Amino acid sequence: MKPEGFTQVFGQRTLIMGILNVTPDSFYDAGRYASPDLAARRAVEMVEQGADIIDVGGESTRPGSSPVDAQEERRRVVPVVREIARRLPVLVSVDTYKAGVAEAALGEGAHLVNDIFALRGDPRMTEVVSRFGAGVVLMHMQGTPATMQQNPQYDDVILEIQSFLEDRVQAAREGGVPPGRIIVDPGIGFGKTVAHNLEILRRLRELKRLGQPLLVGPSRKSFLGALSGLPAEERLEGTAAALALAVAQGADIVRVHDVKEMKRVAVVADAVVRSSGEA
Ligand code: HH2
């Protein structure tokens, strides 16, 4: 399939990115979509529930996780991207930091690379994103998934994230990715304590200074468990609270497991935050 590139209008409403992990070990949805057909069916369901983007991931990056090799990740991800692109007109993103995986997924019709290493994980990634006219999510992370939660430290978490993302946006632009295709993400849970995650949500709006669309991914993450004492299966309401507050602070895209419920939350939050005030 010919690459279509990535174009999207931001700011009119919150876009919903539905998570589709085709992994045996993700912290919440591990092993649920064991075949490309099951995964594609979940994608259809998420689109019916209001997803604007489907984010396909083949490697868990939960705290303490180890990398999988590129061949295995491609084997997990590529048939799923192909099936979704064949069945649905939805935007597809691939959650990877490996250029070979991104290249194969973009070649099968993905539009966007969601890179938790913000183009630092593979020297070929910027060229691949640029060549396909793809969009890219540049996420902040302190450390690597294997070690990031050992002792995260910041003087000012928001200023450090802002400065990191500024540099990464610049690097992407210099590598041939135009600003209209760049999304930034503070990386909730990636080298952050509970207090850091809360401060990110409280001060998210400051990252709008970067002038790029803002993606946030609080869905069912462990800071919600630390606050409520509840396991990942019981964090729907906590996710809803974080999501509504993120929308109030200017989030453009929210990355969620529970599309049906979070679309409903986003519709109400959008009506409060984005309406003109006319009755
Ligand atoms: N969070 C996860 C994975 N990818 N990408 C972006 N841009 N932002 C995030 O916050 C983010 C992400 C972790 O969540 P999940 O995919 O549900 O878990 P796992 O890594 O265990 O597969």
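The following exchange concerns a predicted model of a protein chain with a ligand.

Biologist: What makes the chain as compact as a globular protein of that length?

Modeller: The secondary structure comes to nine helices and eight strands. The radius of gyration of the chain is 17 Å, and the globule rule gives 19 Å for 279 residues; the two values are close, so the chain counts as that compact. Along the principal axes, the C-alpha atoms fill a box of roughly 45 × 40 × 40 Å.

Biologist: Where does the ligand sit?

Modeller: The ligand is in the largest pocket. That wording requires more than half of its atoms to lie within 2 Å of the grid points of the pocket.

Biologist: Which residues around the ligand are the closest?

Modeller: They are Ser26, Ser60, Asn114, Asp185 and Lys221, out of 18 residues that surround the ligand. By class, this shell has six nonpolar, seven polar and five charged residues.

Biologist: What makes the approach of Ser26 to the ligand a polar contact?

Modeller: An N or O atom in the Ser26 side chain is 2.5 Å from an oxygen atom of the ligand. The cut-off for such a pair is 3.5 Å, so the Ser26 pair qualifies. A polar side-chain atom of Asn21 lies 3.1 Å from a ligand oxygen atom, and a polar backbone atom of Arg62 is 3.4 Å from a ligand oxygen atom.

Biologist: How much of the accessible area of the ligand does the protein cover?

Modeller: On its own the ligand has 480 Å² of accessible area, and the protein covers 98% of that.

Key. Residues numbered from 1 in each chain as written. Predicted model: local features only at pLDDT ≥ 70, side-chain atom pairs only at ≥ 80, totals over all residues. Heavy atoms only, no water. Near = heavy atom within 4 Å. Polar contact = N/O pair within 3.5 Å; in protein donor to acceptor, adjacent residues only side chain to side chain. Areas by Shrake-Rupley, 256 points an atom, 1.4 Å probe, with all protein chains shown as cover. 1 Å grid on protein atoms, 1.4 Å probe; cavity = no way out; pocket = protein on both sides within 12 Å on 5 of 7 lines; lining within 4 Å. Nonpolar A, V, L, I, M, F, W, Y, C, P; charged D, E, K, R; others polar. Helix = DSSP H or I, 4+ residues; strand = E, 2+ residues; numbered from the N terminus. Rg over C-alpha atoms; globule rule 2.2 N^0.38 Å.
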